[in-house]
Amino acid sequence: MNCIHERARIEKAYAQQLTEWAKRWKQLVEKGPQYGTVEKAWNAMMSEAEKVSELHLDVKGSLMNEDFEKIKNWQKEAFHKQMMGGFKETREAEDGFRKAQKPWAKKLKEVEASKKAYHAACKEEKLAVSRETNSKADPALNPEQLKKLQDKVEKCKQDVLKTKDKYEKSLKELDQATPQYMENMEQVFEQCQQFEEKRLRFFREVLLEVQKHLDLSNLPSYKNIYRELEQNIQAADTVEDLRWFRANHGPGMSMNWPQFEEWSADLNRTLSRREKKKASEGVTLTGISQTGDQALPNKHSSNLSVQSDTAQSVQSQSSYNPFEDEDDTESIVSEKEDNKRKNVSSYEKTQSYPTEWSDEEANNPFSSTDANGDSNPFDEDATSATEVRVRALYDYEGQEHDELSFKAGDELTKIEDEDEQGWCKGRLDNGQVGLYPANYVEAIQ
């Protein structure tokens, strides 16, 4: 039972590790530079891990709910515990052997006693004969003393004959009782053999069931997992991926060449650097200033493509204010554009932007969240005030210069909560500050 219980814990731990691995790498691949069919093939590996994790959880459930419980129930039926300890079946077997041995053991004890008496008489006779022989050579010994020694030798010889006869008689009785003893012992032994046969057959049956539960290769679902994985990898088309990249990010992408535009007092368009990077969707209108109460015209001048839902959100949020800063207006629209990221490919989601643009955004107190009044740009970072001590569950080696490295069991301080990408900001006890995966630590209670 302990053996199966430990194996079930191993299956559960392996399933959890597969799930965590798949979740982590699915995020990394999704946010990485991969795209197209190769990205799908890579993600298929994580899907395989998730499916295999489910199968190993099923194995854990089968081991505990079926095999473990079966042995537990069999033990209750086959071995009955006693109030004073031990099992009833063990006591019955010992009593059976003891009862079968008792008559023969009694006669064996008599044989041992008669043998001991016979050997002692023989020893005494030899000593008396030796004394008599030595006395005949001693002239100083009187006839009366010699007579006593001779009588002693005669008495010892009689004792030897008597004990020998008793010894032979008891041994004969023991030999006569041996067949009955063997028969009685064999009956008890066969009863124990029958019980042991049931135990061995049961163990063999349970082990076969455990083997079936552990052997995933015979499951159709397990075979289908790797069949699907192979199909997804085989479906990766290099030519198609290159063609897609050329059409979306190469010479084949839609161009937005500058064209002559007449100045218009009614509509002033401001394009952010972020939208200029999204060439595959054309240039999106991100900053709008209106004069008067004129509504936003619905037109496509100078190859400007504005999605309908984005334009509507811009109209609803961009009421005219002659004293409003242009950066404030642009930040409102930028927030709406951030909500459209789900429709962008994995390559575009992780596209790096120029350093100058990043600095501009980082130093702009009127970012998208600030424009909506969700935070005060003059307040200190709210998250920095909340620090939580956490403990590492696994070893982690930082992959970038801004990532922390630690060992399982190390303690550190979380200073910022988990972001959308699954990373937290923390500080080691030596003062080093950096990022680390959120699922690699647990809070210290």
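In this predicted model, Trp21, Trp25, Trp42, Met45 and Ile233 come together on the surface and make a nonpolar patch of about 450 Å². Two elements give two or more residues to that patch, namely helix 1 (2-31) and helix 2 (36-78). Methionine 45 is a handy member to look at, and its place is in helix 2. The relative accessibility of methionine 45 is 36%, so this residue counts as partly exposed.

Stepping back to the whole chain, the protein has 12 helices and seven strands. Of its 445 residues, 28% are buried. The chain exposes about 30600 Å², and 51% of that comes from carbon and sulfur atoms. Contacts also say something about how the chain is arranged: among those with a separation of 6 or more, 67% are between residues 24 or more positions apart.

Next comes the sheet. Five strands make up an open sheet in the order 6-5-4-3-7, and the pairing is antiparallel. Strand 6 (433-437) and strand 7 (441-443) sit at the edges; each has a single partner strand, so one side of each has no neighbour in the sheet. Going from one strand to the next, the twist averages 50°.

The sheet can be followed pair by pair, starting with strand 7. Three bridges hold strand 7 and strand 3 (residues 388-392) together in the antiparallel sense. Here valine 390 is found opposite alanine 443 of strand 7. Strand 3 also runs antiparallel to strand 4 (residues 411-416), and this time four bridges join the two. Arginine 391 has glutamate 411, in strand 4, as its bridge partner. Strand 4 in turn is joined to strand 5 (residues 423-427) by three bridges, again with the strands running antiparallel. Glutamate 416 is partnered there by lysine 425 in strand 5. Strand 4 and strand 5 form a hairpin with six residues between the strands, and in this hairpin glycine 422 takes a positive phi near 85°.

Charged side chains are the next topic. Side chains of opposite charge can pair when their charged atoms come close. The structure holds 20 salt bridges. One of them is formed by glutamate 50 and lysine 26, whose closest N and O atoms are 3.2 Å apart. With glutamate 50 in helix 2 and lysine 26 in helix 1, the pair links distant parts of the chain, 24 residues apart. Both ends can be placed on the scale from buried to exposed: glutamate 50 has a relative accessible area of 30%, so it is partly exposed. Lysine 26, with a relative accessible area of 28%, is partly exposed too.

Another salt bridge brings together the side chains of glutamate 92 and lysine 88, at 4.0 Å from N to O. These two residues both belong to helix 3 (residues 88-136), where they are four residues apart, or about one turn of the helix. Glutamate 92 has a relative accessibility of 41% and therefore counts as partly exposed. Lysine 88 gets the label partly exposed as well, because its relative accessibility is 37%.

Helix 3 shows up again in a salt bridge between the side chains of lysine 152 and glutamate 124 (3.9 Å, N to O). Lysine 152 is in helix 4 and glutamate 124 is in helix 3, so this pair ties together parts 28 residues apart in sequence. Lysine 152 counts as partly exposed, at 35% relative accessibility. Glutamate 124 is likewise partly exposed, its relative accessible area being 34%.

Salt bridges also turn up as a network, which links Arg389, Arg391, Glu411 and Asp429. Two members of this network have already appeared in the sheet, since arginine 391 has glutamate 411 as its bridge partner in strand 4.

Helix 4 (residues 143-214) has one more residue to look at, threonine 178. At 24% relative accessibility, threonine 178 falls between the limits for buried and exposed, so it counts as partly exposed. Threonine 178 and alanine 105 are separated by 73 residues in sequence, while their C-alpha atoms are 9.9 Å apart in space.

Notes:
Residues numbered from 1 in each chain as written. Predicted model: local features only at pLDDT ≥ 70, side-chain atom pairs only at ≥ 80, totals over all residues. Heavy atoms only, no water. Patch = residues over 30% accessible without salt bridge, like charges linked within 9 Å, V, L, I, M, F, W, Y side chains within 5 Å. Areas by Shrake-Rupley, 256 points an atom, 1.4 Å probe, with all protein chains shown as cover. Buried < 20%, exposed > 50% of the residue type's maximum accessible area, 1.4 Å probe, protein only. Pairing = 2+ DSSP bridges. Axes fitted to C-alpha atoms, helices over the stretch in contact; angles between N-to-C directions. Contact = heavy atoms within 4.5 Å.
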